[in-house]
Amino acid sequence: MWTEEQQLAIDKQNSNILVSASAGSGKTAVLVERVINKVLKYKIDIDKILVVTFTNAAAAELKERLMIAIYKALNENPKDNFLKRQLTYINRASITTIHSFCLEIIRSNFQELNIDPDFKICDETESSILKSKAILKVLEDEYIESNENLDKKNGLYNLLELFGGKDENLIECILNIYSYIQSFAFEFEWLKQAIEKYNLTECSDLCDTDFGMDIYNDVIEELKIIVIKAEQIVNKIRGYEDFIKYVEMLQEDISVIKLAILNSKNSWDKLYDSLNNISFLRAPAYKGDNLNLKALVSNFRTDVLKKGVEKCKKSVYQRSAQVFKDQAKAYKYISYIYDFIVKFDKIYKKLKNDNNYIDFNDIEHMALKLLVNKKDDRFI
Ligand SMILES: Nc1ncnc2c1ncn2[C@@H]1O[C@H](COP(=O)(O)OP(=O)(O)O)[C@@H](O)[C@H]1O
Ligand SMILES: [Mg+2]
């Protein structure tokens, strides 16, 4: 018997589903049942269904389990011609690894990609040798160009300084970013977008940017939560004679925070000033014997109130002008890194092309290029 969740994963139609569960919990069994359902219930020929896995072993396991399921159904209905057909179709069914599926698409459309049909797939070792060659070439070109052009010189040498003056650190960083962005469909567009987030058009207040406004809203939210928590404590200790002074103190805390919120007025710099003007009264001595309640108030004031405000100060860490200045500097560096990666990609692609190689990332990207059209910023 299937569990309720398994049955749901088997039956759900017309939507993407994601099944995540621990090993041996029945994911493969569910997948096999889903496919078998499509065949038995909806009479879809098995070779019209695409099933992709990451490893050859998983693909073989799926094929075998599907075969067993079809045999079982045939046992129950030995005369069913549709089922008999499925047994022959399963051999040509697309139950394969993601890479062999992509390769199949590439092989049958190589003209469209402008590649040699005799391409070879280069393994990790070969591709890292080509990558090394490519990156050293870019670095060499950059050094030459920097020494001829003073502007460039500052760019490269300043950047290297960030990497402790060591080429190999810069190289490692470039290669890491390069391999990271490979998992995005349109990797350079993604990278460009990520970088442009640092390109804040200089405004007078950081709240004029999405980036600044997001932080501003989070901080105000945080302050409002502190107020709510303080009010809850006030409600708890009101009514106790020996806590009159504590109620007054907490009410003062609340008005300090409320005033900070009120004075911030959607301005980063005003929020910065308000936070830095916050100061709290010292707690008066407590002479009663309700020590639990006293501890509740003290803990609130250290752990929630004071720590909370310190956290907010860390978020709104500088005035707008200083943040703009730092971001502009960062943007200069990362734009330089971006250009570096684009140059590297060009040379690496050329080296692969000269050797008739394609690597594993190319397999995914080329297949995607064939399957997806980008039109007016939408993917079809
Ligand atoms: N609801 C269930 N009741 C009993 N056995 C189950 C159930 N779901 C799966 N199994 C069995 O558990 C074992 C492991 O399932 P499998 O699909 O290979 O797990 P996974 O792919 O998640 O590692 C298989 O023998 C499968 O038949
Ligand atoms: Mg499995």
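**A tour of helix packing, cores and two loop residues**

Helix 7 and helix 9 are oblique to each other, since their angle of about 120° falls outside the ranges for roughly parallel, roughly antiparallel and roughly perpendicular. This is a predicted model.

**Stop 1: helix 7 against helix 9**

Select residues 124-148 for helix 7 and residues 167-181 for helix 9. The two pack with their axes 11 Å apart. Viewed along the line between them, helix 7 passes helix 9 in a right-handed crossing.

Now show side chains at the contact. Helix 7 contributes K131, I135 and L139; from helix 9 come D167, I171, I174 and L175. How do the residues of this contact divide into nonpolar, polar and charged? Five are nonpolar, two are charged and no polar residue takes part.

**Stop 2: the largest nonpolar core**

Select V219, W268, L271, L275 and V316. These are the residues with the most contacts inside the largest nonpolar core, which has 25 residues. To see where the core comes from, colour these helices, each of which supplies at least two of its residues:

- helix 11, residues 210-237
- helix 12, residues 244-264
- helix 13, residues 268-277
- helix 14, residues 291-315
- helix 15, residues 320-354

Which helix gives the most to this core? Helix 11 does, with seven residues.

Centre the view on L271. Which residues is L271 in contact with, leaving aside its neighbours within four places in sequence? They are Y216, V219, S264 and V316.

Apart from this core lies another, of 10 residues. Select V35, I46, L62 and L66, which are among them. In soluble globular proteins, nonpolar side chains tend to be buried together.

**Stop 3: two asparagines with positive phi**

Most residues other than glycine have a negative phi. Two residues to select here are N14 and N266.

N14 is found in the loop between helix 1, residues 4-11, and helix 2, residues 27-40. Its phi is near 55°, a positive value in a residue other than glycine. Is N14 buried or exposed? N14 has 4 other C-beta atoms within 10 Å, and a residue with 12 or fewer counts as exposed, so N14 is exposed.

Move to N266, in the loop between helix 12 and helix 13. Phi of N266 is also positive, near 55°. N266 has 13 other C-beta atoms within 10 Å and is therefore partly exposed, as the exposed class ends at 12 and the buried class begins at 20.

Key
Residues numbered from 1 in each chain as written. Chains lettered and ligands numbered in written order. Predicted model: local features only at pLDDT ≥ 70, side-chain atom pairs only at ≥ 80, totals over all residues. Core = buried A, V, L, I, M, F, W, Y, C linked by C-beta atoms within 7 Å. Helix = DSSP H or I, 4+ residues; strand = E, 2+ residues; numbered from the N terminus. Contact = placed C-beta atoms within 7 Å. Axes fitted to C-alpha atoms, helices over the stretch in contact; angles between N-to-C directions. Parallel < 35°, antiparallel > 145°, perpendicular 65-115°, else oblique. Left-handed = near helix turned anticlockwise from the far one by under 90°. Nonpolar A, V, L, I, M, F, W, Y, C, P; charged D, E, K, R; others polar.
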